[in-house]
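User: I'm new to this one and would like to know what sits behind the labels people put on it. Could you walk me through it?

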Amino acid sequence: MPQSTPPRSLVDLHMHSLHSDGSMPVKELVARVARRGVALMALTDHDNTGGIASAAQEADRHGIDFIPGVEISSEWNGIGIHIVGLGIDIENANLQAGLDKIMEFRDWRAAEISRLLETAGIPGAEQGARELAGSRMVGRTHFARWLKDSGHCRDNGEAFQRWLGRGQVAYVPSDWIPMVEAVSWIRQAGGIAVVAHPGRYKLSADRLCTLFTEFRAAGGGAIEVSSGSQAAADREHLGKLAQQLDLAASLGSDFHGPEIGHAEIGQLAPLPDAVQPVWECLGHSIPHDKH
Ligand code: AMP
Ligand code: MN
Ligand code: MN
Ligand code: MN
C-alpha cells in the first residue's frame with residue numbers, strides 16, 4: 001500500500017504559544033513554523049495578545065508573513081464558542097479592556113478550581129497549574145496537565161472526565177462573554193472575526209447554520225473550514241456553508257506543542273477551491289514563488 005503523505009499548507013492561521021496553553025516559547029514556535037515551510041502565519045493565543053509583538057519580530061526575521069491574532073473564549077446559547085480575531089490592532093483599548101476582563105475571570109476561576117480540588121483531597125493545584133502555564137493565562141488544560149504529571153490520572157481526557165469537565169467535581173460554570181461581543185471587540189480593533197473549529201461544538205447542521213447566521217449578522221467575517229482540531233471530513237460541508245452564507249474561509253492547525261494532541265503546524269488540507277480565503281480579505285497573499 002502506498003503511504004499517504006500528510007497534507008501540507010503554506011498558510012496556518014491558528015496556533016498557541018506559552019502565552020496561553022501552548023507549550024512552546026514564541027521564538028521556538030516561530031522557528032518551527034519556518035522549518036515547516038509555512039509562508040503566512042497567525043499567532044492566536046487564548047484571550048490575550050502578550051506574544052504578538054515578539055512573534056511579529058521573529059516572523060520577520062524568518063521571512064514569514066505575519067497576521068496578529070487572538071482566540072477569544074465566548075458563549076452562545078450556553079455553548080462555549082471560540083472566536084478567532086485576525087488582523088487585529090493589539091493597541092486597541094476596547095479590545096484590551098475586554099481581554100483584561102476575561103483574564104480576570106480566568107484568575108478567579110483558577111482559584112475556584114483549586115479550592116474545589118482541595119476539597120476533593122487534591123491540594124496545591126493552582127500553584128502547580130501556574131508553574132506549568134509560564135504566563136498569566138491559566139486554563140483547564142494546565143490543570144489537566146498538572147493532574148496527570150502529579151499522578152492523579154493517566155491523561156488529560158481523564159482529568160476532564162473526573163474533575164474539570166462540565167458537571168464534574170472541580171467544574172466552575174464559565175462566565176464567558178456573549179459571542180456577539182467577541183465579534184464586536186475584534187471589529188473595533190480592525191480585525192476579522194472567525195468561528196474557530198466549528199466541527200468541535202457537536203451542533204446539528206441546523207444549529208450550526210443558526211450560529212453562523214447570527215455570527216454574520218453581528219459582523220463576523222469567516223469560519224475555519226480546515227482545522228487541525230476538527231474532523232477533516234467537515235471541510236467540504238463547512239466550505240459550502242461559508243459560500244452560502246457569504247463568509248470567508250480560514251484554516252489553522254490549532255497547534256499547541258509537539259507533545260500536545262492536535263495537528264502539526266501547517267499539517268492541513270487546503271481550502272476547497274470555491275471559497276474566499278480570509279487572508280485575501282486582510283490584504284495578504286501567498287508568495288507565488290512558494291506555490
Ligand atoms: P478553558 O478555556 O480554560 O475552559 O479550557 C478549554 C480547553 O480545554 C479546550 O479548548 C480544550 O482544549 C480543553 N478541553 C475541554 N473539554 C475537554 C475534554 N472533555 N477533554 C479534553 N480536553 C478538553
Ligand atoms: Mn488551547
Ligand atoms: Mn479553541
Ligand atoms: Mn486554539
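Analyst: Sure. Let's start with a term: a residue is called buried when its relative accessible area is under 20%. Keep in mind that this is a predicted model.

User: Why is Asp-21 called buried?

Analyst: Its relative accessible area is 7%, and the cut-off is under 20%, so Asp-21 counts as buried. His-46 gets the label too, at 8% relative accessibility.

User: What makes Asp-21 and His-46 donors of the manganese ion (ligand 2)?

Analyst: Distance. A donor is an N, O or S atom within 2.8 Å of the metal. The protein donors here, from Asp-21 (OD, listed twice), His-46 (NE2) and His-256 (NE2), lie 2.2 to 2.4 Å from the ion, so they pass. Asp-21 lies in the loop between strand E1 and helix H1, and His-46 in the loop between strand E2 and helix H2, so the pair ties together parts that are 25 residues apart in sequence.

User: How do you know which residues hold the manganese ion (ligand 3)?

Analyst: By that cut-off of 2.8 Å: Glu-71 (OE), His-82 (ND1) and His-197 (NE2) lie 2.1 to 2.2 Å away. Glu-71 is in strand E3 and His-82 in strand E4, so this pair links parts 11 residues apart in sequence. Glu-71 and His-82 are both buried. The two manganese ions, ligand 2 and ligand 3, are 5.6 Å apart.

User: What does Trp-279 touch?

Analyst: Among others, Val-11, Leu-13, Leu-40 and His-284. Trp-279 is also one of the residues touching the most other members of the largest nonpolar core, which has 54 residues. A second, separate core has 18 residues, including Trp-146.

Terms used: Residues are numbered from 1 along each chain as its sequence is written. Chains are lettered from A and ligands numbered from 1 in the order in which they are written. This is a predicted model: local features need pLDDT of at least 70, side-chain atom pairs count only at pLDDT 80 or more; totals for chains, interfaces and linings use all residues. Side-chain values use heavy atoms; hydrogens and water are left out. Donors are N, O and S atoms within 2.8 Å of the metal (3.2 Å for Na, K and Ca); water is not among the atoms, so sites may look incomplete. Helices (H or I, at least four residues) and strands (E, at least two) are DSSP runs, numbered from the N terminus. Buried means under 20% relative accessible area, exposed over 50%, partly exposed in between (1.4 Å probe, protein chains only). A nonpolar core is a set of buried Ala, Val, Leu, Ile, Met, Phe, Trp, Tyr and Cys residues joined through side-chain atoms within 4.5 Å. Contact means heavy atoms within 4.5 Å. Lists of a residue's contacts leave out its neighbours within four places in sequence.
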